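Student: I am new to this structure and would like to go through it step by step. Please start with its open spaces once it is on the screen.

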Amino acid sequence: ANRDNAIGIKGVATQVKIMAIRVVPNGDERDKDVANGIRYAVDNGARIINMSFGKKYSPFKRVVDEAVKYAESK
């Protein structure tokens, strides 16, 4: 939504930009892809990361945890 064109909706955060990153190819979320997505987002200026996953078990959770720590350090 463009806040200044008087058409449609107006968002509440004027300066927000959204960086959409797809890390779940074909519905199978793999830990390495999630970790790479986190690192990519951070390295390209993301200040907030919002993720939602449905998998109950993460076989390589350590890789994702390391990426989250990397993001926190930035």
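Student: How many nonpolar, polar and charged residues does the lining of the second largest pocket have?
Tutor: This is a predicted model, in which local features need a pLDDT of at least 70 and side-chain atom pairs count only at pLDDT 80 or more, while totals for chains, interfaces and linings use all residues. Residues are numbered from 1 along each chain as its sequence is written, and side-chain values use heavy atoms, with hydrogens and water left out. Ala, Val, Leu, Ile, Met, Phe, Trp, Tyr, Cys and Pro count as nonpolar, Asp, Glu, Lys and Arg as charged, and the others, Gly among them, as polar. By these classes, the lining of the second largest pocket has eight nonpolar, no polar and three charged residues.

Student: Which helix gives the largest share of the lining of the second largest pocket?
Tutor: A pocket is sought on a 1 Å grid over the protein atoms alone, as an open set of points where a 1.4 Å probe fits, with protein on both sides within 12 Å along at least five of seven lines, and its lining residues have an atom within 4 Å of a point. Among the residues that line the second largest pocket are Ile38, Val42, Val68, Ala71 and Glu72, and helices, which are DSSP runs of H or I with at least four residues, numbered from the N terminus, take part in this lining. H1 and H2 each supply at least two residues of it, and the largest share, three residues, comes from H2.

Student: What volume does the largest pocket have?
Tutor: Grid points are joined across faces, edges and corners, and a volume is the space filled by probe spheres set on the points. On that basis, the second largest pocket holds about 180 Å³, whereas the largest pocket has a volume of about 460 Å³.

Student: Which residues lie closest to the centre of the largest pocket?
Tutor: The lining of the largest pocket has 13 nonpolar, three polar and two charged residues. Of the 18 residues that line this pocket, the closest to its centre are Met19, Ala46, Ile48, Ile49 and Asn50.

Student: Why does Asp31 count as buried?
Tutor: Asp31 lies in helix H1, which runs over residues 31-43. A residue is buried under 20% relative accessible area, exposed over 50% and partly exposed in between, judged with a 1.4 Å probe on protein chains only. Asp31 therefore counts as buried, because its relative accessibility is 6%.

Student: Which helix is included in what covers the buried residues of H1?
Tutor: The buried residues of H1 include Asp31, Val34, Ala35, Ile38 and Val42. Contact means heavy atoms within 4.5 Å, and, leaving aside neighbours within four places in sequence, Ala35 is in contact with Val63, Val64 and Ala67. What covers the buried residues of H1 includes residues 61-73, which form helix H2.

Student: How far does H1 reach from its first C-alpha to its last?
Tutor: The expected span of a helix is 1.5 Å times one less than its number of residues, and H1 has 13 residues. The expected 18 Å is close to the reach in this model, which is 18 Å.

Student: Which element supplies the largest share of the largest nonpolar core?
Tutor: A nonpolar core is a set of buried Ala, Val, Leu, Ile, Met, Phe, Trp, Tyr and Cys residues joined through side-chain atoms within 4.5 Å. The largest one has six residues in all, namely Val23, Val34, Ala35, Ile38, Val64 and Ala67. H1 and H2 each supply at least two residues of this core, and the largest share, three residues, comes from H1.

Student: Is Glu29 buried or exposed?
Tutor: Glu29 has its place in the segment before H1, and, beyond its neighbours within four places in sequence, it is in contact with Val24, Phe53, Gly54 and Lys55. Because its relative accessible area is 15%, Glu29 is buried.

Student: How far apart in space, C-alpha to C-alpha, are Val24 and Phe53?
Tutor: Val24, also in the segment before H1, counts as partly exposed at 22% relative accessibility. Not counting residues up to four places away in sequence, Val24 touches Glu29 and Phe53. Although Val24 and Phe53 are 29 residues apart in sequence, their distance in space, C-alpha to C-alpha, is 9.2 Å.
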